[in-house]
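This report looks at an enclosed space in a protein model and at one strand with its neighbours. Please keep the sequence and the structure at hand while reading.

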Amino acid sequence: MTNHQSPMTNQRPRLAITLGDPAGIGAEVTLKALADSEVSQNCYFVVVGSRNLLSKAYKNLTANTDDLLALANPDELNVIDVDVPNSGEIITGVGNAASGAASFAYMEYAISQTLAGDFDGIVTAPIAKSAWKAAGFDYPGQTELLAEKAGVERFGMLFVGRSPLTGWTLRALLATTHIPLCQVSQVLTPELLTKKLDLLAECLERDFGIKNGKIAIAGLNPHSGEMGQLGTEEIDWLIPWLKAERQKRPHLQLEGPIPPDTMWVKPGQAWYGNSDLKNVSKNVAHAYLALYHDQGLIPVKLMAFDRAVNTTIGLPFVRTSPDHGTAFDIAGKGIADATSMKAAIQLAVELVKQRQSLPHAEAQRRGEEKDV
């Protein structure tokens, strides 16, 4: 590890940045993101990966670009070199068992060190679930591994994006994630939605400083069931559940169930600024609760594909990730867009600072100093 700055004397957020699948674009978007001083100077960061693979990626990328300033030099970065088996079998652009084992090892190390207190948060470059499975690790994704290692049962995938046109912030939480569409109606229950709503309300207050938030909740069926004509889930339990939640949470503004096709109209107007933004901003919610993967992520990616950030909420530490995959098809070509990776690092910094500003965080810090 090359040590150019000490976290003990640095009050900036301490982040572990994992390289993701080394056969993908993780190294490229990381080096591009860290080359931007507006990103790298706001935190103390350590890159968690394989130094030889990172250097190899850098040399390959420099051969494909005339702008060396667009890439951070690995020799000038803090790098924790994680030993991985069969690294010689890793081929750029081809996810396999070796690349899956490497990305899993990076994650395990970053999580263990963060839980040990060495870091305030983790920013993860993309992994390939198929490569993890080939390596013998059967997880739906990084989110589930993070939750398991952190020992939490309540967690969620929150997608955050800030519009470059208007500055408005989109926040969308998924009630269900990586399951087949035919299982959604069976998995969705009042108990599950209560857990997700708890998480979302807590996240808005702890991570974004929004105490009395407005949360929009989608219906499941077209037109939210249209009084039972297009599905009965809304009448059977979703509407009664929402009525009960409004009574339990008078401090929150809970809207819904909103027909899924119209729920995203006002967020779209707030994002693109193609309407009266002042009035639209009054009507948009602080966060949106989508009931299944594509219901939330199609509009999120339509608006914010190059800058959305996947944030795992419910963890004892901050975790963010760019909202895109490994892009094996363009790996090593020097054309990957690092905007989302930059946004992931910047959001992680903001969330850590927000958590550190909370009264209980200050009290905890003083207690630790007293013990010392």
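The sections below cover the basis of the model, its cavity and strand β4.

## Basis of the model

This is a predicted model, in which local features need pLDDT of at least 70 and side-chain atom pairs count only at pLDDT 80 or more, while totals for chains, interfaces and linings use all residues. Residues are numbered from 1 along each chain as its sequence is written, and side-chain values use heavy atoms, with hydrogens and water left out.

## The cavity

The structure holds one cavity of 30 Å³ or more, a cavity being a set of points on a 1 Å grid over the protein atoms alone where a 1.4 Å probe fits but cannot get out. Its space comes to about 30 Å³, the volume being that filled by probe spheres set on the points, which are joined across faces, edges and corners.

The residues that line this largest cavity are Leu199, Glu202, Cys203, Arg206, Ile313 and Gly314 (lining residues have an atom within 4 Å of a point). Helix α8 (residues 190-208) supplies the largest share, four residues, where helices are DSSP runs of H or I with at least four residues and strands are runs of E with at least two, numbered from the N terminus.

## Strand β4 and its partners

Strand β4 (residues 121-124) is covered on both faces, with Gly121 and Val123 buried on one side and Ile122 and Thr124 buried on the other (buried means under 20% relative accessible area, with a 1.4 Å probe and protein chains only).

Strand β1 (residues 14-18) pairs with β4 in the parallel sense over four bridges, pairing requiring that DSSP finds at least two bridges between two strands; here threonine 18 has threonine 124 of β4 as its bridge partner. Strand β11 (residues 318-322) also runs parallel to β4 and is joined to β4 by three bridges, with valine 318 of β11 standing opposite glycine 121.

Notes:
On a 1 Å grid over the protein atoms alone, a cavity is a set of points where a 1.4 Å probe fits but cannot get out, and a pocket is an open set with protein on both sides within 12 Å along at least five of seven lines; lining residues have an atom within 4 Å of a point. Buried means under 20% relative accessible area, exposed over 50%, partly exposed in between (1.4 Å probe, protein chains only).
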